[in-house]
2 protein chains.
Amino acid sequence: MEVIHSISDLRARIRSYRRKNDQAVGFVPTMGFLHEGHASLLRKAREQCGLVVLSIFVNPLQFGPNEDFERYPRNAERDLYVAEAAGADIVFMPDIKEMYPGQIRTAVSVTGLTDRLCGASRPGHFDGVATVVSKLFHIVQPDQAFFGLKDAQQVAVIQQVVNDLNMPVEIVPCPTLREPDGLAMSSRNVYLSEEERRQALVLSQALQKAEDYVQANANFTAAQLNQLVSRHIASAPLATIDYVEVLEYPTLQPFESSYLSDLSSIIIALAVKFGNTRLIDNLILPVGK
Amino acid sequence: MEVIHSISDLRARIRSYRRKNDQAVGFVPTMGFLHEGHASLLRKAREQCGLVVLSIFVNPLQFGPNEDFERYPRNAERDLYVAEAAGADIVFMPDIKEMYPGQIRTAVSVTGLTDRLCGASRPGHFDGVATVVSKLFHIVQPDQAFFGLKDAQQVAVIQQVVNDLNMPVEIVPCPTLREPDGLAMSSRNVYLSEEERRQALVLSQALQKAEDYVQANANFTAAQLNQLVSRHIASAPLATIDYVEVLEYPTLQPFESSYLSDLSSIIIALAVKFGNTRLIDNLILPVGK
């Protein structure tokens, strides 16, 4: 496995691969502090592609002024170990100057899909995501890019950018990985105190309750599911709900129960703070006929 | 020369070319109604590239609600004749549904460079330009793209997008072509009445006066040049000035005369209406030491 820090070295390496090979180039963009969820993306890329490129870059553009950019967890040494074990061929680790050598004046932004959920809670976040992912796609020029569905809104936003801008890359959404007790894997889980970690289980439990409810009730409304999930989360004293929303997926628009049979999928999405740590989770359910 | 209407056909054609050739793919994006200026871009591309792709697409996204999208001049038959004579290999002529199959929710936008000149007069114009050029770059994936410097702000904006988003394409700015009497070539010149056409000569004359003035005076200010140009244009009774601006190039920022020797170039840019027809022209002058 090679570790590459400069854009020009990475481009030369990928160009040279493409000259000799017809196989696909797979790309897994991350902010590092890799966990089993990231490893599952790399393994999927390894199965499908001839060359697997992982990027590790904590992108300042997608953090708000009062968010956790400075304290976002980093561990390059362990990341390289995880990356190699999961089958990465190249790890691209640019520093901030390499990615933003001067003031960036260009933004890629998506309307509609970003009005709700994390887009509403974190103004500018998805512009930062769409912009850095566009940069990385132009640098790596992958055939396929792999994203985890824990960040379902991110996947929807990136798919929209790719469609709208005709980017020549296939987005491959991959399922959320969970700890044995159900907590969705996240680099931010490391922030949790022991008690917060214990109480954070309400998130996956609440989503499970919603799934059971949908399976038991042919007719349900977004409001019913929302109430069910919110109440269960509120049973954890350390939980502060940022949002719980039940929307059509992947349009991320509200729906009326009477149109449910016209939908293909719904998403139950939540963001909840435990102390200073904001966790997200979601469940995407096929519905309708 | 091939005429291609669909994105997938164009991609297949270019992929097949790349598989067999190591030469560069050159791209000239236009809105059609080709004149000698466009032809000069195609000839430049022909000199430098193995495959020359011209696109003709009148992009609704870059026209304001009261602008001339509907009446923008079109003549596909003549365009194909000009394109072939100038050396195009492929003409890509998508219809609007092909470029915008659904509601587009993604925008590529540039701040700073778009605050002045046409960016100020035509709100949203450069977002529309940056977005459609990004789409076309992703569709064609050219090595080089050729743009005329009559639209100097457009060239600066696109270069900024390419730099900021790490797009793997080289922007090649090409000089403005002029009619024998000095009028900058433009698809919109066809709108001019005989009298407007005659009076429109003040534009290139005013820029010539400014150039003479700069060459005769070691010290000059932006205000002096602005006044000189504005006064000459005002001598044409049918001319209504939209803007005359003297800025640093390519940053498009105002400058103070005392810093002139620190600048590499200045631009004297103007937009002037004759009746309903808005014409632009500019002069880029190397200055400083």
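**Close-up views of chain A: two domains and helix H3**

**View 1. Two domains of chain A.** The domain assignment (automatic or from a database) splits chain A into domain 1 (2-174) and domain 2 (187-283). Their C-alpha centres lie 26 Å apart. The contact (heavy atoms within 4.5 Å) takes 23 residues from domain 1 and 20 residues from domain 2. This is a predicted model: local features need pLDDT of at least 70, side-chain atom pairs count only at pLDDT 80 or more, and totals for chains, interfaces and linings use all residues. Residues are numbered from 1 along each chain as its sequence is written, chains are lettered from A and ligands numbered from 1 in the order written, and side-chain values use heavy atoms, without hydrogens and water.

**View 2. The area between the domains.** About 1,900 Å² is buried between domain 1 and domain 2 of chain A (accessible area, 1.4 Å probe, that the two parts lose on being put together, summed over both). Carbon and sulfur atoms give 53% of this area. A:Arg71, A:Arg116 and A:Leu117 supply 33% of what domain 1 buries against domain 2, more than any other three residues.

**View 3. Helix H3 of chain A.** Helix H3 (residues 76-86; a DSSP run of H or I, at least four residues, numbered from the N terminus) has the buried residues A:Asp79, A:Val82, A:Ala83 and A:Ala86 (buried is under 20% relative accessible area, exposed over 50%, 1.4 Å probe, protein chains only). Seen down the helix axis, they fall within an arc of 100°, so they line one face (directions from the axis to the C-beta atoms). The face turned away carries exposed A:Glu77, A:Tyr81 and A:Ala85. Just after H3(A), A:Gly87 takes a positive phi of about 105°.

Key. Helix = DSSP H or I, 4+ residues; strand = E, 2+ residues; numbered from the N terminus.
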